[in-house]
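New to this one? Here's a quick briefing to read alongside the sequence and the 3D view.

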Amino acid sequence: MKKWCLLMLTICILTGCGVQTQDEERLKDLEFTVLDPEKIPEELRNVLEEKKSEPFKVTYEDEGYLYICVGYGEQQTSGYSIIVEDLYLTSNAVYVDTELLGPGNQEETAAATTSPYIVLKLEDLEKSVVFQ
């Protein structure tokens, strides 16, 4: 009897926690601006400077704007770029997908450590951000 009660209690606790599902139905694509480093708010720039040696995903809100930042950590050469594959709104979140592109075959690179990252600026929609 005790084992049965314990089992039922465990099931009730586990099912009570629930799992929130993400609604991925695209409502609309979002417009954004890729910021040059000098246009990044100073407070955010300081955070990115601390984090840039390791991969990171950061969001920052300021004065009605949302900044979505994705960094790919240290790379051993120059010539990397980042593209935004997707940025869209669903009923409960903003979804973002970026990709790091390496130097092209014909591209000259310098043997210097770089830390590629991208900062996207868009209207603050007061939604959570899901990185894909």
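**A loop aspartate and a four-strand sheet**

Let's start with Asp-124, which sits in the loop between strand 7 (117-123) and strand 8 (128-131). Keep in mind that this is a predicted model. From that loop we'll move on to the sheet that strand 8 belongs to.

**Around Asp-124**

- Asp-124 is buried, yet it has no salt bridge.
- Lys-127 is the nearest side chain of opposite charge, and it is 10 Å away; a salt bridge needs the charged atoms within 4 Å.
- A polar atom of the Asp-124 side chain does lie 3.0 Å from the backbone nitrogen of Glu-126.
- Leaving aside residues up to four places away in sequence, Asp-124 touches Glu-61, Gly-64, Tyr-65 and Leu-66.

**The sheet as a whole**

- Four strands make up an open sheet in the order 1-5-6-8, and the pairing is mixed.
- Strands 1 and 8 are at the edges with a single partner strand each, so one side of each has no neighbour in the sheet.

**Strand by strand**

- Strand 1 (residues 28-29) runs antiparallel to strand 5 (residues 81-89), joined by two bridges. Here Lys-28 stands opposite Leu-89 of strand 5.
- Strand 5 also pairs with strand 6 (residues 93-101), antiparallel again, over eight bridges. These two strands form a hairpin with three residues between them, and Ile-83 has Glu-99 in strand 6 as its bridge partner.
- Strand 6 and strand 8 run parallel, with four bridges joining them. Look for Ala-93, which stands opposite Ser-128 in strand 8.

Terms used: Residues numbered from 1 in each chain as written. Predicted model: local features only at pLDDT ≥ 70, side-chain atom pairs only at ≥ 80, totals over all residues. Heavy atoms only, no water. Pairing = 2+ DSSP bridges. Buried < 20%, exposed > 50% of the residue type's maximum accessible area, 1.4 Å probe, protein only. Lys, Arg positive; Asp, Glu negative; His and termini not counted. Polar contact = N/O pair within 3.5 Å; in protein donor to acceptor, adjacent residues only side chain to side chain. Contact = heavy atoms within 4.5 Å.
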